[in-house]
Amino acid sequence: MRRQITVFADQNGISTLLAFSDELEADWRLPHEYGYLLRLVIEEVATNIVKYGYRDHNRDQIQLICEYDQGVLTITMRDRGQPFDPREAPLPDLAATAEQRAIGGLGLFFVREYADTLSYDHDPDSGWNELTVTKTMTLLDRLRALPIFQAVPEAVLAEIAPRLAECRLAAGEVLFHQGDTGAECFIILGGAVEVITFVNGSELRLEVFHTGQIIGEMSLIDHSPRSATVRAIEPSRLVALNEAVFAQLIGSSPALAMTMLRSIVSRVRNTNQRMIHDLERKNAELLTAYQQLQAAQAELIRLNRLEEELAVARRIQQSFLPRVLPQPPGWRIAAFSRGAQAVGGDFFDTITLPNGQIGLVVADACGKGVTAALFVALSRSLLRAASQAAGSAQRSREASAAILLHAVSLTNDYICREHNDATMFVTLFYGLLDPETGVVMYINAGHNPPLRIGRDGTIIEELSEGALPIGVVAGQMYEVREFQLAPGEKLVAFSDGITEAMNPSNELFGDARWQALLREQAHCAAADLVAAAVAAVDAFASGAPQADDMTLLIVERLLVADEPPTGCIGATGNGRA
C-alpha cells in the first residue's frame with residue numbers, strides 16, 4: 001500500500017499533513033507506535049522545513065510519501081529548501097538541566113531513536129532533499145493488528161508469538177498441495193493466496209484469501225488431507241498455527257472461537273453459494289442442450305463440464321466422511337453412506353474427543369442433491385468445531401451432557417439465525433460413547449430412533465426420537481439421555497433411506513423387514529452387518545432408482561476385549577470400518 005500528498009510549505013500545510021496521517025492510521029490499521037512515529041516525523045521534520053528550510057521569498061512544496069508493506073512502514077519527506085542532514089545534528093545533552101540544555105534538536109533525536117533506519121539524500125542538480133525513515137513491525141505487532149486476534153488477551157499473544165513459524169511465499173509459490181497431510185493452519189499476515197483444485201488436468205479456482213484470513217483450519221480440526229491446493233497470487237507472508245497453539249487460542253478467547261467458526265461457515269457458505277449458482281446456470285444450459293441436441297451437437301461439451309463440477313462436489317463431500325473409523329479395544333465401529341444423487345443430504349461422523357470419548361453422528365438434511373449437501377457440510381463443520389471447542393478432559397455425565405448441549409444448541413441456533421429463509425432442517429442423532437464403560441449419552445433431534453440389539457437379535461431398545469430437528473426453532477431445549485451397551489450388544493443408527501427404499505412395485509422395505517434383517521444377522525461383526533444390510537436393501541430394490549440417501553452406523557461391543565470379528569456368510573457391500 002502506497003499513498004502520497006503534496007502541500008505548500010507553511011503552517012496550513014503541516015495541518016493538512018497531520019490530517020493525512022490520521023487517515024492513513026485508520027485506513028491501514030496501523031499499530032499505535034507506527035501512528036506515533038508518522039505524526040512525530042511530520043511534526044518535527046515538516047516544522048523544521050517550514051521554519052528553517054525555506055526562506056519567505058523561495059517557499060516551495062513539501063511531499064510526504066508513505067508505504068506500508070507486510071509490517072514495514074516507510075516514510076519519505078521531500079522538500080527543496082536548504083539542505084540539512086538530521087543525522088549530522090549534534091545529540092542533545094540529556095543529562096543537562098532544562099536551563100542548561102540548548103534549544104532545539106530534541107524532536108529529531110526522538111525521530112532517530114524511534115525509527116529503525118534513517119537515511120538522507122540531497123540532489124544538487126534538482127535541489128530536492130529526501131529524508132527516509134523506516135520502522136519494521138514485530139510479529140507480535142502484526143498479530144495484534146489483525147482483527148481476528150483483537151479479542152485474544154495480550155498475555156496470550158505475547159506467549160505464543162515466539163512459538164509461531166512465519167513463512168514467505170513468492171507469487172506463484174505453493175503453500176500446500178491437495179492431498180497433503182495437514183497438521184497446521186495459517187493466518188495471512190500480508191498478500192493474497194488462491195485455493196485451486198484440478199479436474200481432469202484442468203485448473204479450477206475455488207476462492208481467494210487476503211490479509212487477516214485463516215486458511216487450512218478444517219484439516220487441522222479433523223486431521224483430514226488437504227482438500228485443495230493453496231498458491232500465492234502475490235508476494236505473501238503467513239504464520240503457521242499448530243494444533244497446540246490453535247487449542248490455546250480457542251481456549252483463551254470464546255470470542256475468537258466464534259470468529260473462527262464464523263470464518264469457516266462463511267467460507268463454506270460462500271463457496272457453496274457460488275457452486276449452487278453455477279450448477280443452476282449449467283442445469284438451465286443442460287436443458288437447452290437436450291432440447292437442441294440434434295441441431296447443436298457441440299452443446300454436449302457442456303454436459304462434460306457439468307459432470308466435472310459434480311465430480312468435484314461429490315469428491316469434496318466424500319472427503320467430509322471419516323476415512324478411518326476409530327476402533328477402541330473391545331469395540332468395532334462400521335458405517336456406510338450413499339447419496340441418491342451425485343451429492344447427498346445424509347452424513348455420518350465420528351469425533352474423537354480429548355477425554356477419549358467418541359462422538360457418534362448420523363444426520364439427514366431434508367431434501368436431496370446440492371442444497372441438502374450444502375447443509376450437510378455446514379452442520380458437520382459446526383458440530384465438529386463446537387464439540388472440540390467445548391471438549392474437556394473429564395468423563396463425567398455433567399461434562400458429556402455439556403458437550404452435547406453446546407454442540408447441538410450452537411448448530412441449531414446458528415442455522416435458525418443465519419438460514420431461516422432457506423426453510424431447511426436437519427434430523428440428527430448425536431451420541432457420546434465412553435469406551436471404558438459402554439455408556440452412551442445422546443441427543444436425538446427428530447432422527448429415526450436408533451436400535452439397540454442383543455447378540456441373539458433381540459431388539460432391546462428403540463431409542464427416543466427426542467426433540468424437533470435442528471434448524472426449526474431457535475432456542476430449542478434438548479434432553480440428554482443415556483444407556484449402556486453391554487458386551488455382545490450393538491447400536492444401529494440409520495437414515496430413512498434404508499426403511500423407505502422402494503422396489504419396482506413401489507413397495508417400501510419398511511421397519512418390519514429392517515428389524516427382521518437385524519435379528520437374522522445379529523451374530524455378524526459390525527462391518528459384515530453393514531455390508532449385509534446394504535446388500536439386502538439393494539436386492540429388495542431390484543434395480544429401482546434409489547429414492548433417498550442411505551446412511552448406516554453400527555457400534556458393536558465385543559464379548560471379550562481381544563475377540564476377533566465374527567464373519568457373516570454372504571455379506572457384501574462397501575461399508576467403511
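This briefing describes two sheets, the helices that pack on them, and one buried serine. The model is predicted. One open sheet of five strands follows the order β1-β2-β3-β5-β4, and another open sheet, also made of five strands, runs in the order β15-β16-β17-β18-β21. Ser495, which lies in the loop between β22 and α12, is treated separately at the end.

**The sheet from β1 to β4**

- The pairing within the sheet ordered β1-β2-β3-β5-β4 is antiparallel, and its edges are formed by β1 and β4 (117-122), each of which pairs on one side only.
- From one strand to the next, the twist of this sheet averages 15°.
- Strand β1, spanning residues 2-8, pairs with strand β2, spanning residues 61-69, through seven bridges in the antiparallel sense, and within this pair Arg3 is found opposite Cys66 of β2.
- On β2 there is also an antiparallel pairing with strand β3 (residues 72-79), which extends over eight bridges and places Ile62 opposite Asp79 of β3.
- Strand β3 pairs in turn with strand β5 (residues 129-136), again in the antiparallel sense and over eight bridges, with Met77 standing opposite Leu131 of β5.
- Helix α1, covering residues 11-27, packs on this sheet by touching β1 and β2, and its direction makes about 165° with that of β1.
- Helix α2, covering residues 32-53, packs on the sheet as well, where it touches β2, β3 and β5, and its direction makes about 10° with that of β3.

**The sheet from β15 to β21**

- Antiparallel pairing also holds in the sheet ordered β15-β16-β17-β18-β21, whose edge strands, β15 (346-352) and β21 (481-484), each pair on one side only.
- Neighbouring strands here are turned against each other by 20° on average, with direction ignored.
- Strand β16 (residues 358-365) and strand β17 (residues 426-433) are joined by eight bridges in the antiparallel sense, and Val362 stands opposite Phe429 of β17.
- Helix α11, made of residues 397-418, packs on this sheet and touches β17, β18 (439-445) and β21, while its direction makes about 25° with that of β18.

**The surroundings of Ser495**

- Ser495 sits in the loop that lies between β22 (490-494) and α12 (496-499), and it counts as buried because its relative accessibility is 0%, where buried means under 20%.
- The side chains of Ser495 and Asp346 are joined by a polar contact of 2.6 Å.
- Leaving aside residues up to four places away in sequence, Ser495 touches Asp346, Asp364, His447, Asn448, Asp549, Met550 and Thr551.

Conventions:
Residues numbered from 1 in each chain as written. Predicted model: local features only at pLDDT ≥ 70, side-chain atom pairs only at ≥ 80, totals over all residues. Heavy atoms only, no water. Pairing = 2+ DSSP bridges. Helix = DSSP H or I, 4+ residues; strand = E, 2+ residues; numbered from the N terminus. Axes fitted to C-alpha atoms, helices over the stretch in contact; angles between N-to-C directions. Contact = heavy atoms within 4.5 Å. Buried < 20%, exposed > 50% of the residue type's maximum accessible area, 1.4 Å probe, protein only. Polar contact = N/O pair within 3.5 Å; in protein donor to acceptor, adjacent residues only side chain to side chain.
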